[in-house]
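Subject: Structure handover and findings

Dear colleague,

I am handing over the structure we spoke about, with my notes on it set out underneath. Please read the notes with the structure open beside them.

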Amino acid sequence: MILYGIPTCDTCKKARKALENAGHSVTFRDVRAEPLSEAEWAPLLTEFGTRLVNQKSTTWRGLSDWLKASEADAQLAAQPTLMKRPVLQDGDKLTLGWDAEVQAAWGV
């Protein structure tokens with residue numbers, strides 16, 4: 001299982017701890033330190049579309065008007081921390097965020 005996020009994100013920390021406590025082997029991928037390639041973004045964008053971009057973040061508010069009007073893939077390529085977190089992947093299974101529905105999907 002891969003958890004995509006940033007190490008300072010409290011939600012990512014909670015998700016990782018809960019998943020590990022539930023017996024999952026979690027590999028953490030820091031999208032700031034090790035940005036995703038176009039090929040890695042593609043399935044996430046296909047699954048989640050614009051929901052993958054956190055438009056409530058401080059980073060979003062600091063974007064130029066041009067970048068705000070661009071497609072989600074361009075926004076995430078320019079600012080990977082715009083990604084709503086965490087994104088969890090295990091094989092073909094993908095989830096976004098850490099609400100009760102996502103937790104139930106992973107058996108937490």
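A polar contact, as I use the term here, is a pair of N or O atoms within 3.5 Å, where, within protein, one atom must be able to donate a hydrogen and the other to accept it. By that criterion, the side chain of glutamine 75 makes such a contact with the backbone oxygen of lysine 68, at 3.1 Å. Please keep in mind throughout that this is a predicted model, and that the values below are computed from it.

To begin with the overall picture, the protein has six helices and four strands, and from the N terminus on these elements follow the order β-α-β-α-α-α-α-β-β-α. A compact globule of 108 residues would have a radius of gyration near 13 Å, and the 14 Å of the protein agrees with that. Along the principal axes, the C-alpha atoms fill a box of roughly 45 × 25 × 25 Å. Of the 108 residues, 39% count as buried, and among contacts with a separation of 6 or more, 54% are accounted for by residues 24 or more positions apart. The protein exposes about 6,300 Å², of which carbon and sulfur atoms supply 47%. As for charge, there are 13 positive and 14 negative side chains, and the centres of the two sets lie 9 Å apart.

Returning to glutamine 75, this residue lies in helix 5, which spans residues 72-78. Is glutamine 75 buried or exposed? Its relative accessible area is 3%, and since buried means under 20%, glutamine 75 counts as buried. Apart from residues up to four places away in sequence, glutamine 75 touches Val53, Trp60, Leu67, Lys68, Ser70 and Leu82, so that Lys68, whose backbone oxygen the glutamine 75 side chain reaches, appears in this list of contacts as well.

One of those partners, tryptophan 60, belongs to helix 3 (residues 58-61) and is buried too, with a relative accessible area of 11%. Leaving aside neighbours within four places in sequence, tryptophan 60 is in contact with Val53, Asn54, Gln55, Lys68, Gln75 and Leu82. The C-alpha atoms of tryptophan 60 and threonine 81 are 9.3 Å apart in space, with the two positions 21 residues apart in sequence terms.

Threonine 81 itself is placed in the loop between helix 5 and strand 3, and at 14% relative accessibility this threonine counts as buried. Beyond residues up to four places away in sequence, threonine 81 touches Ile6, Arg32 and Thr59.

Leucine 82 is also in the loop between helix 5 and strand 3, and is buried with a relative accessible area of 0%. With residues up to four places away not counted, leucine 82 touches Leu52, Val53, Asn54, Ser57, Thr59, Trp60, Leu63, Gln75 and Leu76. The C-alpha atoms of leucine 82 and threonine 58 are separated by 8.9 Å, the two residues being 24 apart along the chain.

Finally, which form does the peptide bond from arginine 85 to proline 86 take? This bond is cis, with omega near -10°, and proline 86 is located in the loop between helix 5 and strand 3 (87-90). As general background, most peptide bonds are trans.

With best regards

Definitions and conventions: Residues numbered from 1 in each chain as written. Predicted model: local features only at pLDDT ≥ 70, side-chain atom pairs only at ≥ 80, totals over all residues. Heavy atoms only, no water. Helix = DSSP H or I, 4+ residues; strand = E, 2+ residues; numbered from the N terminus. Rg over C-alpha atoms; globule rule 2.2 N^0.38 Å. Buried < 20%, exposed > 50% of the residue type's maximum accessible area, 1.4 Å probe, protein only. Contact = heavy atoms within 4.5 Å. Areas by Shrake-Rupley, 256 points an atom, 1.4 Å probe, with all protein chains shown as cover. Lys, Arg positive; Asp, Glu negative; His and termini not counted. Charge placed at Lys NZ, Arg CZ, Asp CG, Glu CD.
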